[in-house]
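Hi,

Here is the structure I promised to pass on. Have a look at it first, and my notes on what turned up are below.

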Amino acid sequence: MKAIVDRDACISCGLCVSLCPEVFELDDESISVVIQDPVALENEDCAKESEDSCPTSAILCEE
């Protein structure tokens, strides 16, 4: 699975990092970035939870 962050939509809330720190982190501009590509099988559930929970729908997970 691949996770993608729309940098223009990200509001730096950090929810994705809290839910799935193995896949997401905030960069120097406090924008979420994907740090695991492809997403490891054991992290797919938390990546999808981050996608579902993102308040601005800035995260997309695709197979």
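Contacts between residues 24 or more positions apart make up 51% of the protein's contacts that have a separation of 6 or more. Keep in mind as you read on that this is a predicted model.

As for the overall build, the protein has two helices and four strands. Starting at the N terminus, the order is β-α-β-β-α-β. The C-alpha atoms fit a box of roughly 30 × 20 × 15 Å along the principal axes. A compact globule with 63 residues would have a radius of gyration near 11 Å, and the protein comes out at 10 Å, so the two agree.

What about the surface? Its accessible area is about 3700 Å², and carbon and sulfur atoms account for 47% of that. Of the 63 residues, 35% are buried.

Next, the inside. How many cavities of 30 Å³ or more does the structure hold? There is one, and the volume of the largest cavity is about 90 Å³. The largest cavity is lined by 13 residues, and the closest to its centre are Cys10, Cys13, Cys16, Ser32 and Cys54. Sorted by class, that lining has ten nonpolar residues, three polar ones and no charged ones.

Now for some backbone details. As a rule, most residues other than glycine have a negative phi, and most peptide bonds are trans. Three spots here are worth a look with that in mind.

- Proline 38: the peptide bond leading into it from aspartate 37 is cis, with omega near 0°. You'll find proline 38 in the loop between strand E3 (32-34) and helix H2 (44-53).
- Serine 30: this residue is not a glycine, yet its phi is positive, at about 60°. Serine 30 sits in the loop that runs between strand E2 (24-26) and E3. With a relative accessible area of 35%, serine 30 counts as partly exposed.
- Serine 57: here too phi is positive, at about 55°, although the residue is not a glycine. Look for serine 57 in the loop between H2 and strand E4 (59-62). Is serine 57 buried or exposed? Its relative accessible area is 59%, and the cut-off for exposed is over 50%, so serine 57 is exposed.

If you want a place to begin, try the cavity and the cysteines close to its centre, among them Cys10 and Cys54. After that, go to the cis bond between aspartate 37 and proline 38.

Cheers

How values were computed. Residues are numbered from 1 along each chain as its sequence is written. This is a predicted model: local features need pLDDT of at least 70, side-chain atom pairs count only at pLDDT 80 or more; totals for chains, interfaces and linings use all residues. Side-chain values use heavy atoms; hydrogens and water are left out. On a 1 Å grid over the protein atoms alone, a cavity is a set of points where a 1.4 Å probe fits but cannot get out, and a pocket is an open set with protein on both sides within 12 Å along at least five of seven lines; lining residues have an atom within 4 Å of a point. Grid points are joined across faces, edges and corners, and a volume is the space filled by probe spheres set on the points. Ala, Val, Leu, Ile, Met, Phe, Trp, Tyr, Cys and Pro count as nonpolar, Asp, Glu, Lys and Arg as charged, and the others, Gly among them, as polar. Buried means under 20% relative accessible area, exposed over 50%, partly exposed in between (1.4 Å probe, protein chains only). The radius of gyration is taken over C-alpha atoms; the globule rule is 2.2 Å times the number of residues to the power 0.38. Contact means heavy atoms within 4.5 Å. Accessible areas come from the Shrake-Rupley method with a 1.4 Å probe; for residues, only the protein chains shown count as cover.
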